[in-house]
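Biologist: I'm new to reading protein models. Could you walk me through one, feature by feature?

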Amino acid sequence: MAARPEPAPVEVRSRPQFGPVAIGDVLVGDGEPVYVIGEIGINHNGDLDLARQLIDVAAAAGCQAVKFQKRTPAICVPEEQKGQIRQTPWGEMTYLEYKERTEFGRDEYTQIAKYCDERGLHWFASPWDVPSVEFLEEMDVLVHKVASASVADHELLRALAATGKPIILSTGMSTLSEIDAAVEILGTEKLIMMHATSTYPLPPEEANLRTITTLKERYGVPVGYSGHERGLQISLAAVTLGAVCVERHITLDRTMWGSDHAASLEPAGLEHLVRDIRIIEQALGDGVKRVFPGEEAPKARLRRVTV
């Protein structure tokens, strides 16, 4: 069967350039400090104490936020997978039972919200279905995150747009026409995009970091980077290319049980990432060529001809 031609993309190149987006008391955008998100995701394995430890890791490293994932398993788990048997740390169970076992509810998120506030961190989540959007709205999150897997879920996007909250849109596994359609629903006034490639772990040749510039020019919104690579180099390079926020999965130990731990940063790696981002911010400067104070003495000593 011949491949279906991809629909022509919606023309959005003429969109106005928007300034920073406010997430609570923090501005995210060009000229602002990079907003660093520690993605806890599902690495808490359904254990509230482990979630608290990961929040501590993010706070100690200097992150501004932690992110979780929120699902209604009965909706999100495909029918053909619900009854599949899975070996887990809690014994043998169906895949649906496993997803329900590791999903946090109202009591857990109430405690998470309180603990994040005590640690000075924002918290939010990627909702994977409409009831999860409603749940997070009841929890009064500051911002919503669209996972790359949900870019084409227009029902979910419409529910998110209706909240009026800022939206962080990951763009992994998506074509420009799919992103165009998502942007038409979400609007651009409170939108932050995240360049991402949804390969776990990410090989360098698939990082395609120059897409950060492509997205900024096409949509006129702040653009960050959501990374799934091993190490720090690619995330740091994203900052030098203009990423306004950086999101990385975090874990206590990459060898822990679970699908996302292997592509996550351990505490020392996260601490080094934030430290190096802050150094890069200082080093980028303003682009105005000048003689700096530290150059005056060498200039006086080494220049044979003065003008």
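Modeller: Sure, let's start where two strands meet: strand E4 (residues 65-70) runs parallel to E7, and six bridges join them. Within that pair, Lys 70 sits opposite Pro 127 of E7. Keep in mind that this is a predicted model, where local features need pLDDT of at least 70, side-chain atom pairs count only at pLDDT 80 or more, and totals for chains, interfaces and linings use all residues. Residues are numbered from 1 along each chain as its sequence is written, and side-chain values use heavy atoms, leaving out hydrogens and water.

Biologist: What do names like E4 stand for, and what counts as pairing?

Modeller: Strands (E, at least two residues) and helices (H or I, at least four) are DSSP runs, numbered from the N terminus. Two strands pair if DSSP finds at least two bridges between them. In general, strands of a sheet pair through backbone hydrogen bonds, either parallel or antiparallel.

Biologist: How many strands form the open sheet here, and in what order?

Modeller: Eight, in the order E7-E4-E3-E12-E11-E10-E9-E8, with parallel pairing. At the edges are strand E7 (122-127) and strand E8 (144-146), each pairing on one side only. From one strand to the next, the twist averages 25°.

Biologist: Which helices pack around E4?

Modeller: Helix H1 (residues 48-61) lies across strand E3 (35-41) and E4, at about 145° to E4. Helix H5 (residues 106-118) packs on the sheet too, touching E4 and E7, and its direction makes about 170° with that of E4. Contact means heavy atoms within 4.5 Å. Axes are lines fitted to C-alpha atoms, for helices over the stretch in contact, and angles run from 0 to 180 degrees between N-to-C directions.

Biologist: How do I describe two helices that pack together?

Modeller: Two packed helices are described by the angle between their axes and the distance between the axes. Take H1 and helix H11 (residues 267-284): their axes come within 8 Å and cross at roughly 30°. That makes H1 roughly parallel to H11, since angles under 35 degrees count as roughly parallel, over 145 as roughly antiparallel, 65 to 115 as roughly perpendicular and the rest as oblique.

Biologist: Which residues meet there?

Modeller: From H1 come Val 57, Ala 58 and Ala 61, and from H11 Pro 267, Leu 270, Glu 271 and Val 274. Six residues of this contact are nonpolar, none polar and one charged (Ala, Val, Leu, Ile, Met, Phe, Trp, Tyr, Cys and Pro count as nonpolar, Asp, Glu, Lys and Arg as charged, and the others, Gly among them, as polar).

Biologist: How do side chains point in a strand?

Modeller: In a regular strand the side chains alternate between the two faces of the sheet. In strand E11 (223-227), Val 223, Tyr 225 and Gly 227 point one way and Gly 224 and Ser 226 the other, and all are buried. Buried means under 20% relative accessible area, exposed over 50%, partly exposed in between (1.4 Å probe, protein chains only). Next to E11, strand E10 (residues 191-195) runs parallel, joined to E11 by three bridges, and His 195 stands opposite Tyr 225.

Biologist: Where are the unusual backbone spots?

Modeller: Try the loop between E10 and H9, the place of Pro 201. The peptide bond from Tyr 200 to Pro 201 is cis, with omega near -15°. Asn 208 lies in that loop as well, with a positive phi of about 50° although it is not a glycine.
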